[in-house]
Every structure is written in C-alpha cells, then in structure tokens.
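Colleague: I would like a close look at one enclosed space in this model, rather than a tour of the whole chain. Please tell me what surrounds it and how it compares with any others.

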Amino acid sequence: MLAMNHYNLSGPPGALDPLSNLSQWDTEMVEMESLAHQGNLTSDKPMSGGPIAAALSMTLGVISNIVALFILANAYSHQRRRSKATFLLFASSLVLTDFFGHIIPGALVLRLYLSGGVFPEAVAASSNGSTDPMCQFLGGSMVFFGLCPLFLGCAMAAERCLGVTQPLLHSSLVTTTRTKLSLSGIWLVALCVALLPCFQLGSYTYQHPNSWCFIKVLANDTQEADVAFVTLFSGLGLTSLGVALVCNTISGLTLVLARLRRRPSGYSSSHSHRSVAKSHDIEMVVQLVGIMVTSCICWSPLLIFGLMSVMRSYRGSIDKADMATYETLNLMGVRLASWNQILDPWVYILLRRAVLRKIYLITKRQADLKGSVLRRWEGNSFQSKSSENNPVNRI
C-alpha cells in the first residue's frame, strides 16, 4: 500500500487523506474541512503538496524494499544451513510482497492525480452499491497486501518455533518445496479473501474523505454480508498477530532457557557448531519479534476500529458525532497500516547479526572507555586522600 495523499473534490483543497503522515493533520486543515461540510468552501484545485508527498512516500517504500531484497538475495545465495535458507525465503517473499504493495496501488494513485481525482458521482454510485472498477481494484489491493504480510509473519514465527523447539521434526518436515507451496497457499488465501466482493460477499466503497476505497464499515445500509466480510478480514489479521505472538514468545523463552542451562565447556568443534547455530536462531527470532511488533502497532488499530465501526453501524447506534469519530479512527488506522510496508524491510536491515554486532562493539567500547576513566579518577582520588592522611607524607 502507498501512503495515498489524494484529494477529495467534494471537500476542501487540504482535505485529509488516509495514508499521509499524521503530522499533516493540523488545525488549519480541520477548520477548512468543517467549513466545507457546511457548504461554505468549494474548490476543484488539488492540494499542491499531495503529489509530492505521495511520490516521496512511494520512493521511500520502494527504495527500502529494494535494499532489503538485495541483502536477502545475497544472504540466500551464500547460505548453506537449510533452516536459515527457509527463513530467508520467507523474508524475501515478505519484502517482495511489500514492494508490489507500493508499486500497484501507487500506480493507481498517480493515475487518479493525472485524471483529476474521484468525482462525487462516482462516490455516490459506489455508496449505492454500483460497481466502480477503480474502487474495487483499490479496495481489493488494500485487503490483499494487508493480509499477506500478516500471514507471512505468522508463518515465519510458526516455522521458527518448530525449528527451535523441535529441530529434528523441523528438519524432516520443512523443505524448500514445502516452503514454496506454503507461500503459494498464503498468497492464494489472501487473494480469495480480497475477491469476495466480486461474489457479492461484502463490498468496497469510498471511505472518508472519499479518497480511498476499503471494506464498507460505515454506512446506513450496512448488510450482514458487510459485517461478515469485515469480521473475516479483522479476524484473520488479529488471529495471525496472536499466533505470531505466541510462537515468538515460545521461541524466545526456549532460547533464553537454553542459554541459562548451558555449562562452561571446552571449545570443541561440536561446541563451536552449536554456538553458531544458536546465534543464527537468536538472530532470526529477534528479527521476527521486530516484524511482529511492527505489524501489531501498524495493523491492530485498523483491524479493531474497522470491526467496531461495522458492528455499531449495523446496529444503527451511530449518530453524527459518533460517525465523525469513527471516520477519524479508521483514517488514523489506515495511515498507521501504510507504514507497515515501509518499516518491514528496515526491521530486517537493522536487526541483522552483523549490524547488531557492530552496535554491541561500539556500545562495549564506549562502556569500557567510561569505566577506564572512572577507575583512573577513583585511583587518583584514593591516592591523594592517602597522601593527605599519611603523617610521613605531610612532613
């Protein structure tokens, strides 16, 4: 997904866009939006900073994923351990999915800018249930590229949990062929969920401020199919995050306990081999924890707010004030979700063993330097006090 900064022709020039940075949501824009809703402000001119912000966001995401793909491809070509190779294959698929998640919606957003944006007639038709190919494609892309990273993070966590707790079973079950089949299955399941509105099982519609499309969560005519679709999407996403949390916790605790139980011994070749294996396991689990934390922070708000919104909308218990609140919550949720595909590659880039080792050495060097200065200062202070207390020295 791209941080889309598209404007709303039915609103003000600076109307809020769903996936731009939160810093852009300032007091002036809020005041302009309130005036527009009162019918006191109309404009057909797009926000001047919108295309620039969209281009910068797309560029940042593409560069981040390309750098991560280059590092992963290089590591995979030199990797001989099958468990590490499997992890790298999953990680490469995750980064590749994020990469296309920027390219495909990004191309659509730029096309919207060039064509003049979304017209009010198209928004009204989409709200009334009419099929809008552009809205269907954008909504389906957001669902597909939203579920794929969550599914992949869950699969990676489960694979590492099996590798850490049951290494023999892992070596017999997990192969390159089965890993590729699992990846194909993950993409297929996410695609099937995204295509459900094509079979009248849910629907996509323009969301506030009518510049992005997603599952219908706030509408006066919310149907059972819409509730089921949102529940399925949020349930799959939250379940993936929960399974990843459990698996990563088990993996982390297993590695910590193994570290504590290890007894000092001679540095034999077998001991060295086990140490290298454990260091690889620790590196992979640390990266998985980083991916999980990033996904939880970025996706949990949208998954929860969407579920809350559709439930209250279906029960008809949302008044105008609550409607504005839920629209704002969903807007903030999709903004946070857009950062997941930008941060995922940096989690792998920054949490590699080589980078962590350099950080550790720099930190240790600084600590040793401070300790040396402190010991020198204490030694000089002790000697000066001893000289003052010694009567011979005073004479």
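**The second largest cavity**

Modeller: Helix α3 gives the most to the lining of the second largest cavity, with four residues. This is a predicted model, and what follows describes the space as it appears there. The volume of this second largest cavity is about 60 Å³. Its lining consists of Phe87, Ala91, Leu94, Val95, Met156, Gln287, Ile291, Asp344, Pro345 and Tyr348. Two or more of these residues come from each of α3 (82-115), α9 and α11.

By class, eight lining residues are nonpolar, one is polar and one is charged. Because Asp counts as charged, Asp344 is the charged one. Gln287 supplies the polar entry, because Gln falls among the residues that are neither nonpolar nor charged in this scheme.

Asp344 belongs to α11, which runs over residues 340-350. That helix is mostly covered, with eight of its eleven residues buried. The buried ones include Asp344, Pro345 and Tyr348, and these three residues also line the cavity. Asn340, Gln341, Ile342, Val347 and Ile349 are buried in α11 as well.

The UniProt record, an unreviewed entry, lists six spans as "transmembrane region", among them 85-104, 137-158 and 284-311. Phe87, Ala91, Leu94 and Val95 from the lining fall within residues 85-104. In the model that span is 100% helix and 0% strand, and its end C-alpha atoms lie 28 Å apart. Gln287 and Ile291 fall within 284-311. Residues 284-311 are also 100% helix and 0% strand, with 39 Å between the end C-alpha atoms. Met156 lies in the listed span 137-158.

For comparison, the model has four cavities of 30 Å³ or more. The largest has a volume of about 80 Å³ and is lined by 13 residues. Gly153, Cys154, Ala244, Met292 and Ser295 lie nearest the centre of that largest cavity. At least two residues of its lining come from each of α5 (133-165), α8 (224-261) and α9 (269-315), and α5 supplies the largest share, five residues. The helix α9 thus contributes to the lining of the largest cavity, and Gln287 and Ile291, which lie in the range of α9, line the second largest. The lining of the largest cavity has nine nonpolar, four polar and no charged residues, whereas that of the second largest has one charged residue.

Conventions
Residues numbered from 1 in each chain as written. Predicted model: local features only at pLDDT ≥ 70, side-chain atom pairs only at ≥ 80, totals over all residues. Heavy atoms only, no water. Buried < 20%, exposed > 50% of the residue type's maximum accessible area, 1.4 Å probe, protein only. 1 Å grid on protein atoms, 1.4 Å probe; cavity = no way out; pocket = protein on both sides within 12 Å on 5 of 7 lines; lining within 4 Å. Points joined across faces, edges and corners; volume = space filled by probe spheres on them. UniProt positions renumbered as here; feature names shortened; annotations may be inferred.
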